[in-house]
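Dear colleague,

I am handing over the structure below, and my notes on it follow underneath. Please read them with the coordinates open beside you.

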Amino acid sequence: MERIVPLKRFALLIPLLLLAACGRKEEAYVPGEPDKEGCYYVYFPAQNALTGAELLITPDKERYVDVAVARKVAGEGIEVPYVLTSDIDESVFDRGTIVFAPGQSETTVRIGFGGAPAYQSVRVNLEVSDPQYAGLYESEAQSLSFSFLLVELVNMGKATFTQRWWGDFYFGDPALEIRADVLYYELDGIRYCHTENEECAHGYPGFWGFGNEPELNGNHFEWLWYPDERNVDGFQPVEIPIQRIAFEDWSEWGYGVCNYNIFDRYHYWQDFRKSSDYGSFLNFMSRYKNTYPLSYFDGEGGFHFLIYAYILPEYTAYSDAGYSYFTNLDEDVTGVLDHYEAL
């Protein structure tokens, strides 16, 4: 049997619904706190070179960064307070000041971190929060974060190097001796080595006899040492990056300044001849371990450098690729440390 709902129940519901509807009230609009009068609206503009990836601070780089800071109200000269925080002790940082000259809309602040620990990833945050300088509702960044990794040099002490092909070719001595310090920093299993404080038996300045020419990187010798890897003979492989060691001005023959560059076999075939893409140095070593001998460290204090060729890429009298002098030596340069303890 169909159920019949009395009409009087609906009559009771209607006043209740009307009462509920009348009870809703619009919340009153409360304006936000206004920016402080005379605010300079200071902010950090985008600077991807600083914030895009962790900065690797090698010993040849300055131990500071310059951070760009801007303002929208470029009136009088001001000094802007800011807060620096980090995941290490903030006292290691040398904090510069944010100073705008009268009318200046952009400046930089230098943050030094020479006292930071080595081989530890460090994060830094700068923030402008004083309402006299930072707007409350701005879309521009009023804080900036970056991270860096600082690496330190290790000095292995003095070594005696013997140059053969270059000593004979340029100085008439097929066993030219150089005394120098050997220094390196280590990163991801690679030791980035170079010489310093070179002293030549014949008095020639620098490792290659060309002094401290800036374009020759101070005339030091550089190599990469892989202590955790082994070549076919069980020694630790060494890679010799392409490096400019000397130059001659041959302008009167129409060639201008010609540079001597050194190549091991890997860089000769990979970068100079460009005969194929062999991948990394370690890939090349593995692929041609029984064909192309490469430089190595013997584990007892001796570096054995197999420089394959000395090349003048600008001298094209005989070849568009430049002119190559091949050493044809099993070992061109050797370096023996005075004292060695495995590190």
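**Sheet, cores and a ring pair**

In this predicted model, four strands make up an open sheet, ordered S1-S3-S8-S6, and their pairing is antiparallel. The edges are taken by strand S1 (42–43) and strand S6 (94–95), and since each of them has a single partner strand, one side of each is left without a neighbour in the sheet. S1 is joined to strand S3 (residues 64–71) by two bridges, the two strands running antiparallel, and Tyr 43 has Ala 70 as its bridge partner in S3. The protein as a whole contains five helices and 22 strands.

Turning to the interior, the largest nonpolar core has 37 residues, and those with the most contacts inside it are Phe 161, Trp 166, Trp 208, Trp 223, Phe 305 and Tyr 310. Strand S12 (residues 176–187) contributes the largest share of this core, namely five residues. A second core of 31 residues is separate from it, and includes Phe 93, Phe 113, Ala 134 and Leu 144. If neighbours within four places in sequence are set aside, Trp 166 is in contact with Phe 171, Trp 208, Phe 210, Ile 245, Ala 246, Tyr 260, Tyr 310 and Asp 332.

A search of the whole structure for aromatic pairs returns 55 of them. In one of these pairs, Phe 113 and Phe 148, the ring centres are 4.1 Å apart and the planes lie at 20°, so the pair counts as stacked. This pair links distant parts of the chain, with Phe 113 in the loop between strand S8 (106–112) and strand S9 (121–127) and Phe 148 in strand S10 (residues 143–150), 35 residues apart. Phe 113 is buried, its relative accessible area being 0%, and Phe 148 is likewise buried, with a relative accessible area of 0%.

As for the overall dimensions, the radius of gyration is 34 Å, whereas a compact globule of 343 residues would have one near 20 Å. The C-alpha trace spans about 120 × 75 × 50 Å along its principal axes. Of the 343 residues, 42% count as buried, and the protein exposes about 19300 Å², of which carbon and sulfur atoms supply 50%. Among contacts between residues at least 6 apart in sequence, 64% join residues that are at least 24 apart.

With best wishes

Methods
Residues are numbered from 1 along each chain as its sequence is written. This is a predicted model: local features need pLDDT of at least 70, side-chain atom pairs count only at pLDDT 80 or more; totals for chains, interfaces and linings use all residues. Side-chain values use heavy atoms; hydrogens and water are left out. A nonpolar core is a set of buried Ala, Val, Leu, Ile, Met, Phe, Trp, Tyr and Cys residues joined through side-chain atoms within 4.5 Å. Buried means under 20% relative accessible area, exposed over 50%, partly exposed in between (1.4 Å probe, protein chains only). Contact means heavy atoms within 4.5 Å. Two strands pair if DSSP finds at least two bridges between them. The radius of gyration is taken over C-alpha atoms; the globule rule is 2.2 Å times the number of residues to the power 0.38. Accessible areas come from the Shrake-Rupley method with a 1.4 Å probe; for residues, only the protein chains shown count as cover. Rings of Phe, Tyr and Trp (its six-membered ring) pair if their centres lie within 6.5 Å; planes under 30 degrees apart count as stacked, over 60 as edge-to-face and the rest as tilted.
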